[in-house]
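Thanks, everyone. I would like to take a few minutes to go through the empty and filled spaces in this protein, beginning with the ligand site and then turning to a pocket and a cavity.

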Amino acid sequence: MSLLDKLGIKEINSGACTGPDGWLSTEGGKILESVNPATGKVIATVHQCSEDDYETVIKTSTEAFKEWRMVPAPVRGQLVRKIADRLRDQKDYLGSLVSLEMGKIKQEGDGEVQEMIDIADFAVGLSRQLYGLSMHSERPMHRMYEQWHPLGPVGVITAFNFPVAVWSWNALIAAVCGDSTIWKPSSSTPLCGIAVQNICNDVLADSGHPPIFGLIIGSGRTVGDRMVRDSRVPLISFTGSTPMGKSIGGIVGERLGSTILELGGNNAIIVDEDADLSLAIPAILFGAVGTAGQRCTSTRRVLIQKNAFDKVADALKSAYGQVSIGDPLEEDTLMGPLVNQGAVDDYLAALDRIREHGGEILFGSNVKEGSGYFVEPTIVKAENSWEIVQEETFAPILYLIEYDDIEDAIEKHNAVPQGLSSSMFTNNIISAETFLSPAGSDCGIANINIGTSGAEIGGAFGGEKETGGGRESGSDAWKAYMRRQTNTINWSGRMELAQGISFGDFSESK
Ligand code: NAD
């Protein structure tokens, strides 16, 4: 049995699903080819979702929500627990599919599925902890409290680089919150969407619960845009580039819907003069080269105290020289391909702009000969103020930038439009605490002696400034998937107004 068979993927697939037994025919839809970025060859094809299919999926999801919202949250958690069990069984296959379709190495593909399992376990616990506060009323014999109610069908639009985990951060938390979800995966990774939908369908079919997980595969400009504008979808959780996020935020804001925006990063590591390089170098390497530099949390800038610059640069060049590039499914490979030719073009265009700035290339800068979209991981000596350094290039290009003292380091660190992940390597407690203080890193994630990428699911994940301000995954990120209601119950037998207001005596009125 082939990998695709094991995950229920056919040679030609439907691009819309309402739930168990709900794969729509979509045969008239434009054909989308899923391409293996390591070879440039087509893996399988998908007929994209039409307007009618979209309507069917939305209507089913809306009906499913009406039923699901009345299921007690701990019972909802049991459904998610079964999904976690199924993901444990399928981890090897699904992890391999992620590598095959997206191009990240097998270790990282499996890691992504582990992240799904972790968030599912977290969501199961959460299903018994959707706490609201209670307040003391200013009026006698009044009870006041708040409760959290399900919100509605949630639209989940995801990027290519985390083709399964980001769905789970959203959909599994939304599920215990009592919401249904409609997922629009990236057009670069539709098969991952189909495989996950098959897992959900199997679990749902045995459960007797309504079809709360829906899938629509189609171009962002048509099916994605349609969902963004659809007032039946109160929350759009969007993961993708900053320009797209700005546009989506505007459209959803216009209809006063809610958004969770998880957009681009431009993440830096500060290497203090006394940093332990045996920690810093592996962290920078994983951050910059892991996933071929295609993580939102990828390390793009390293700020190095000027006395330590040469030592750090030499250590990085030596580490880069040992990175094996190739088939992401081979055990020894550390770096796979970029996702497509467009990404290779972006890498080359960024290098042209670096050369225009007079940037010194310390390592790499070449496209690999042969099939697939392979490039060399690249190190550049750069200035933080260069326009190209201010942008997120979704490729393994690392800028090394000098700084004088901790104030200069933090100023340069924060002097970019994005604010996702950040880190400092230091053994100096004053430097560390300065970096974590209100005057320090302006990012949503700030670490000491840990790199910028590879967050755990337990914390709230997201960033500031042009990263969009959204939070997903752990901590209290679940609140974005629910609506808060404040309740006051009067059991005093008298009608008393708040703030002591007197409005006449009508107590005898019938
Ligand atoms: P992208 O913006 O090109 O696409 C993201 C999604 O938006 C895709 O599903 C796409 O089909 C859809 N889309 C495109 N046009 C649309 C429209 N008009 N309406 C609605 N949806 C539309 O991003 P990408 O290239 O897939 O992913 C890379 C980007 O995602 C990077 O900028 C990266 O930093 C970011 N990202 C951020 C996070 C985070 O958590 N902050 C996580 C992963 C990726």
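Let me start with where the ligand sits: residues from domain 1 (3-263 + 468-485) and from domain 2 (267-460) both contribute to the shell around it, so the ligand lies between the two domains. Please keep in mind throughout that this is a predicted model.

The shell itself comprises 28 residues, and the closest of them are Thr-158, Lys-184, Ser-241, Leu-263 and Glu-392. By class, the shell divides into 13 nonpolar, 10 polar and 5 charged residues.

For those of you who think in terms of atom pairs, which backbone atoms lie 2.8 Å, 3.4 Å or 3.5 Å from the ligand? A polar backbone atom of Leu-263 is 2.8 Å from a nitrogen atom of the ligand, and a polar backbone atom of Glu-262 is 3.5 Å from a ligand nitrogen. On the oxygen side, a backbone N or O atom of Gly-240 lies 3.4 Å from an oxygen atom of the ligand. As for burial, the ligand on its own has 860 Å² of accessible area, and the protein covers 88% of that.

In terms of secondary structure, the elements that give two or more residues to the shell are α7 (220-228), β10 (235-239) and α8 (242-254), and it is α7 that supplies the largest share, with 5 residues.

Let me move on to the second largest pocket, which holds about 260 Å³ of space. It is lined by 14 residues, of which Ile-105, Gln-107, Glu-108, Thr-333 and Leu-334 are the closest to its centre. Two or more lining residues come from each of α4 (106-126) and α9 (277-289), with α4 giving the largest share, 4 residues. The lining of this pocket has 6 nonpolar, 3 polar and 5 charged residues. And where does this second largest pocket lie with respect to the domains? Domain 1 (3-263 + 468-485) and domain 2 (267-460) both give residues to its lining, so this pocket, too, lies between them.

Finally, a word on enclosed space, where the count comes to 1 cavity of 30 Å³ or more, and the largest cavity holds about 30 Å³. Its lining includes Asn-266, Asn-267, Arg-301, His-413 and Cys-443, together with a run of residues including Gln-418, Gly-419, Leu-420, Ser-421 and Ser-422. The elements that give two or more residues to this lining are β12 (267-271), β17 (418-419) and β18 (421-425). Sorted by class, the cavity lining has 4 nonpolar, 7 polar and 1 charged residues.

That brings me to the end, and I am happy to take questions.

Note on methods:
Residues numbered from 1 in each chain as written. Predicted model: local features only at pLDDT ≥ 70, side-chain atom pairs only at ≥ 80, totals over all residues. Heavy atoms only, no water. Near = heavy atom within 4 Å. Polar contact = N/O pair within 3.5 Å; in protein donor to acceptor, adjacent residues only side chain to side chain. Areas by Shrake-Rupley, 256 points an atom, 1.4 Å probe, with all protein chains shown as cover. Nonpolar A, V, L, I, M, F, W, Y, C, P; charged D, E, K, R; others polar. Domains from an automatic or database assignment. 1 Å grid on protein atoms, 1.4 Å probe; cavity = no way out; pocket = protein on both sides within 12 Å on 5 of 7 lines; lining within 4 Å. Points joined across faces, edges and corners; volume = space filled by probe spheres on them.
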